[in-house]
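Reader: I'd love a close look at a single part here: the sheet and what surrounds it. Please take me through the pairing of strands, the packing and the empty space, in whatever order reads best.

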Amino acid sequence: MDGNGRWASKRHLPRNLGHKEGIKAMMRTAKACNKLAIPYVSFYAFSTENKNRDKSEVDGLISLMREHLDSIADDLSQFGARLNVIGDISYFDSDLQNKITNVQRSTQNIEDRVVNIALNYGGRDELIYAAQQYKGSKIDRPLCDFLYTAGQPDPDILVRTGGEKRLSNFMLYQLAYTELFFSDTFWPDFSDKELNAIIDEYYNRDRRFGK
Ligand code: IPE
Ligand code: MG
């Protein structure tokens, strides 16, 4: 979900207002994906590298998580989606960690749809975590069983907004054969119309998986 900061700067607003607007776009998109019967959607909200931004921005992002997590989980559950946080949440204070655990627990029985929100997520971090668990495991299971996304299918589509054309440490293992889409739209402006256009294009692509 890239481009929140530039969306705000363009309007002479503080960056954190851009992030707040980004949450609205996230919920809009989650709803649109639900309508399209997409069972798994992931939003990259806060990376392991985003922690290196100015303290005021990081604090602002963490405040937004604290403020909005309950209502996000609530709204998602309204249409049968379960909130699942991926990433190393031990970085957050115990209050926010508890909040994350609680919102996940409160929707854990929902099985129709899963919405992953990546918080303090890094693809390399995830692989190191998975490798450690894999090594310590007594039973023979594939590495992907130890990723944060264990049990979920690999993504069919990746959309990066905000004009940059890179993965920025997102789902490095899972994206091996994912169809990539790059959009110049700043994330807060991302619309259902654009999502639908991406999905139309997706159906016109020929996926061969190396065959
Ligand atoms: C993406 O928007 C959201 C986060 C990384 C939290 P940015 O904050 O990267 O916005 P730009 O790239 O500065 O416009
Ligand atoms: Mg950015």
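Author: Happily! One definition to begin with: an angle between a helix and a strand is taken between their N-to-C directions, on a scale from 0 to 180 degrees, with axes fitted to C-alpha atoms. Please also keep in mind that this is a predicted model.

With that scale in hand, look at helix α3, residues 55–78, which lies across β1, β2 and β3 and runs at about 155° to β2. Helix α4, residues 94–106, packs on the sheet as well, where α4 touches β2 and β3. The direction of α4 makes about 150° with that of β2.

Now for the sheet itself. Strands of a sheet pair through backbone hydrogen bonds, in either a parallel or an antiparallel sense. Here the sheet is open, has 3 strands in the order β1-β3-β2, and its pairing is parallel. The edges are taken by β1 (40–47) and β2 (81–86); each has a single partner strand, so one side of each is left without a neighbour in the sheet. From one strand to the next, the twist averages 20°. If you follow the parallel pair β2 and β3, you will find 6 bridges joining them. A handy landmark in that pair is Ile86, which stands opposite Ala118 of β3.

Next, the empty space. Rolling a probe the size of a water molecule over the atoms shows where such space is left. Searching the whole structure gives 1 cavity of 30 Å³ or more, and this cavity holds about 40 Å³. Its lining includes Ala30, Cys33 and Asn34, along with Ile38, Pro39 and Val41. Phe79, Ala81, Arg113, Val114 and Val115 are lining residues too. The elements that give two or more residues to this lining are α2 (15–35) and β3 (113–121). Sorted by class, the cavity lining has 9 nonpolar residues, 1 polar and 1 charged.

Strand β2 brings us to an open space, the second largest pocket, with a volume of about 180 Å³. Asn84, Val85, Ile86 and Gly87 help to line this pocket, as do Tyr129, Gln133, Phe146, Leu147 and Tyr148. So Ile86, the landmark opposite Ala118, turns up again in this lining. Two or more residues come from each of β2 and α5 (123–136), and β2 gives the most, with 3 residues. The classes here are 6 nonpolar, 3 polar and no charged residues.

Before leaving the sheet, glance at the loop between α2 and β1, where Ala37 lies. Most residues other than glycine have a negative phi. Ala37 has a positive phi of about 60° although it is not a glycine. With a relative accessible area of 47%, Ala37 is partly exposed, because that class runs between 20% and 50%.

For contrast, turn to another pair of strands: β4 (157–160) and β5 (179–182). These two pair in the parallel sense over 4 bridges, with Arg160 standing opposite Phe182 of β5. In a regular strand the side chains alternate between the two faces of the sheet. In β5, Glu179 and Phe181 make up the covered face, while Leu180 and Phe182 make up the uncovered one. The loop between β4 and β5 holds Asn169, which is not a glycine yet has a positive phi of about 70°. Asn169 counts as buried, because its relative accessibility is 14% and buried means under 20%.

Conventions
Residues numbered from 1 in each chain as written. Chains lettered and ligands numbered in written order. Predicted model: local features only at pLDDT ≥ 70, side-chain atom pairs only at ≥ 80, totals over all residues. Heavy atoms only, no water. 1 Å grid on protein atoms, 1.4 Å probe; cavity = no way out; pocket = protein on both sides within 12 Å on 5 of 7 lines; lining within 4 Å. Points joined across faces, edges and corners; volume = space filled by probe spheres on them. Nonpolar A, V, L, I, M, F, W, Y, C, P; charged D, E, K, R; others polar. Pairing = 2+ DSSP bridges. Contact = heavy atoms within 4.5 Å. Buried < 20%, exposed > 50% of the residue type's maximum accessible area, 1.4 Å probe, protein only.
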